[in-house]
Amino acid sequence: MANTKKWEFHLISNGKLSLEEFAIKAGMLEPYVRYFHLREKQLTANQLANGIELLLREGVPKSKIMVNDRVDVAAAFQVAGTQLAYHSLSVERVKQTFPTLKVGTSVHSVEEAKIAEANGADYLLYGHIFPSKSKPNLEPKGTSQLKQLTELITIPVIAIGGITPENIKDTLEAGAKGVAVMSGILEAKDPVTMIKSYIERGK
């Protein structure tokens, strides 16, 4: 059972699991996930490199690995690409210097999305869409704002924040080309069964 071609599933490391634990789960989930994001802000370049090697050892291909922020590590290992944050290098700079890398960037408004698209981003990560434990004090965007953004942007928008099997259909119907999940999968008792539930509900 492979992931649907109509939309993409992005799995993001949560900084709670060890790199070994994340890699083992990634290996189990590899058939169902389009991109695995190493989002480990506290780790050094060398530690992230070790994380990539662990993912490769568990059968995750380079074409499915995204490294958050650390463009140098992504380029050194020739993985799929990098996910940029507000404090990262600019999309334009990364695309000019590393044209082979897929570049995603996190945005929180239509204005930010338009700028990222104009600068050459390959896709956008937008959220949080629903109430999220990781951002308890911030108002969620909701599917109406997601729909507004997707209607104005031509590159793929990946929705993040509080995405569950119960609301994934509404998220995709609002124009998202995929979803990004952290705890919903990584903290599940049975991650494979859980991701199958997401995929089934997203059909």
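**Helix packing around α1 and the nonpolar cores**

In this predicted model, helix α1 (residues 19-29) and helix α9 (residues 191-201) approach each other, their axes coming within 10 Å and crossing at roughly 50°. Angles from 35 to 65 degrees fall in the oblique class, so α1 is oblique to α9. The crossing in which α1 passes α9 is right-handed. On the α1 side, the contact is made by K25, M28 and L29, and these are matched on α9 by P191, V192 and I195. By class, the residues of this contact of α1 with α9 comprise five nonpolar and one charged, with no polar residue.

Helix α1 also packs with helix α2 (residues 45-57): here the axes come within 9 Å and cross at roughly 30°. Because angles under 35 degrees count as roughly parallel, α1 is roughly parallel to α2. Again, α1 passes its partner, α2, in a right-handed crossing. The residues that meet are L19, E20, F22, A23 and A26 in α1 and Q47, N50, G51, L54 and L55 in α2. This contact of α1 with α2 is made up of six nonpolar, three polar and one charged residues.

Turning to the interior, nonpolar side chains tend to be buried together in soluble globular proteins. The largest nonpolar core here holds 58 residues, and the members touching the most others are F9, L124 and I163. For I163, once neighbours within four places in sequence are left aside, the contacts are I129, F130, I168, T171, V179, A180, V181 and Y198. Apart from the largest core lies another, of nine residues, including Y35, A80, Y123 and A180.

Note on methods: Residues numbered from 1 in each chain as written. Predicted model: local features only at pLDDT ≥ 70, side-chain atom pairs only at ≥ 80, totals over all residues. Heavy atoms only, no water. Core = buried A, V, L, I, M, F, W, Y, C linked by side-chain atoms within 4.5 Å. Buried < 20%, exposed > 50% of the residue type's maximum accessible area, 1.4 Å probe, protein only. Contact = heavy atoms within 4.5 Å. Axes fitted to C-alpha atoms, helices over the stretch in contact; angles between N-to-C directions. Helix = DSSP H or I, 4+ residues; strand = E, 2+ residues; numbered from the N terminus. Parallel < 35°, antiparallel > 145°, perpendicular 65-115°, else oblique. Left-handed = near helix turned anticlockwise from the far one by under 90°. Nonpolar A, V, L, I, M, F, W, Y, C, P; charged D, E, K, R; others polar.
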